[in-house]
Amino acid sequence: MDFEHLLDRIMDLDENIRHARICDMNANVVCSAKRRDVTNLLTEEETQESLKYSVNSWKIRAKLAHKIGKGRYVLAAYEKLRRITMPLGDAHLLLVSIDNKGGQMDIIEKLENELHGDYTHY
């Protein structure tokens with residue numbers, strides 16, 4: 001998969017997307033994109049720590065998938081932003097941060113359509 005091209009398409013989905021990153025299941029960043037006018041809220045070390053927690057959470061979800069189904073996405077809401085995480089197959093994780101201006105469900109729908117086509121066919 002061409003991750004750089006994928007992140008370019010994701011960044012074009014909505015102007016409220018701040019960052020998009022793809023990491024492997026060891027929390028190593030494979031590819032990253034950031035909107036030009038965005039100021040980072042976390043240091044690179046804090047971002048890396050957050051990635052590790054996200055990856056570990058998805059690993060736990062994968063252990064339960066045989067009972068509840070595969071996870072599609074997680075939306076975490078904070079005072080200053082919202083973060084969406086989505087698996088990219090079994091080997092990678094997509095993390096997208098968006099501002100708090102609203103529209104997160106529209107963005108999630110756009111992301112699912114971009115990654116999987118019509119998500120209503122799950």
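This report walks through the strands, one helix and a few single residues of a predicted model.

## Ground rules

Residues are numbered from 1 along each chain as its sequence is written. Since the model is predicted, local features need pLDDT of at least 70 and side-chain atom pairs count only at pLDDT 80 or more, while totals for chains, interfaces and linings use all residues; side-chain values use heavy atoms, with hydrogens and water left out.

## Strand β1 and its partners

Let's start with β1 (helices, H or I with at least four residues, and strands, E with at least two, are DSSP runs numbered from the N terminus). This strand is mostly covered, with 8 of its 8 residues buried (buried means under 20% relative accessible area, exposed over 50%, partly exposed in between, using a 1.4 Å probe and protein chains only). β1 pairs with β5 in the antiparallel sense over 7 bridges, and with β2, also antiparallel, over 5 bridges (two strands pair if DSSP finds at least two bridges between them). To find these pairings on screen, look for arginine 21 opposite leucine 95 in β5, and for histidine 19 with its bridge partner lysine 34 in β2.

Isoleucine 17 sits in β1 and is buried, with a relative accessible area of 0%. Leaving aside residues up to four places away in sequence, isoleucine 17 touches Ile10, Met11, Arg35, Val96, Ser97, Ile98 and Ile107 (contact means heavy atoms within 4.5 Å). Its C-alpha is separated by 19 Å from that of histidine 116, a residue 99 places along the chain.

## Two loop residues to look at

Asparagine 16 is in the loop between α1 and β1, and at a relative accessible area of 13% this asparagine is buried. Beyond the residues up to four places away in sequence, asparagine 16 touches Ser97, Ile98, Asp99, Lys101, Gly102 and Ile107.

Now for the other loop: where does alanine 27 lie? Alanine 27 is in the loop between β1 and β2 (29-34), a hairpin with 4 residues between the strands. Most residues other than glycine have a negative phi. Alanine 27, however, has a positive phi of about 70 degrees although it is not a glycine. With 1% relative accessibility, alanine 27 also counts as buried.

## Strand β4, covered on both faces

How many of the residues of β4 are buried? The count is 7 of the 7, so β4 is largely enclosed by the rest of the structure. In a regular strand the side chains alternate between the two faces of the sheet. For β4, one side carries Arg82, Ile84, Met86 and Leu88 and the other Arg83, Thr85 and Pro87, and all of these are buried.

β4 has β3 as an antiparallel neighbour, joined to it by 4 bridges, with alanine 76 standing opposite arginine 83. The hairpin from β3 to β4 goes through 4 residues. β4 also pairs with β5, in the antiparallel sense and over 7 bridges; here threonine 85 has leucine 95 as its bridge partner. The hairpin of β4 and β5 has 3 residues between the strands, and glycine 89 in this hairpin takes a positive phi near 70 degrees.

## Helix α3 and its buried face

Helix α3 covers residues 104-116, which makes 13 residues, and reaches 18 Å from its first C-alpha to its last, close to the 18 Å expected at 1.5 Å a residue (the expected span is 1.5 Å times one less than the number of residues). Its buried residues are Gln104, Ile107, Ile108, Leu111, Glu112 and Leu115. Seen down the axis, they fall within an arc of 135 degrees, so they line one face of the helix (the arc is that of the directions from the helix axis to the C-beta atoms). These buried residues pack against α1 (3-11), β1 (17-24), β3 (74-77), β4 (82-88) and β5 (92-98).

Glutamate 112 belongs to α3 and counts as buried at 2% relative accessibility. Its C-alpha is separated by 8.8 Å from that of methionine 86, the two residues being 26 apart along the chain. After α3 comes glycine 117, whose phi is positive, near 80 degrees.

## A charge over a ring

One last spot: arginine 61 lies over the face of tryptophan 58, at 4.7 Å from the ring centre (a charge sits over a ring if NZ of Lys or CZ of Arg is within 6 Å of the ring centre and within 35 degrees of the ring normal).
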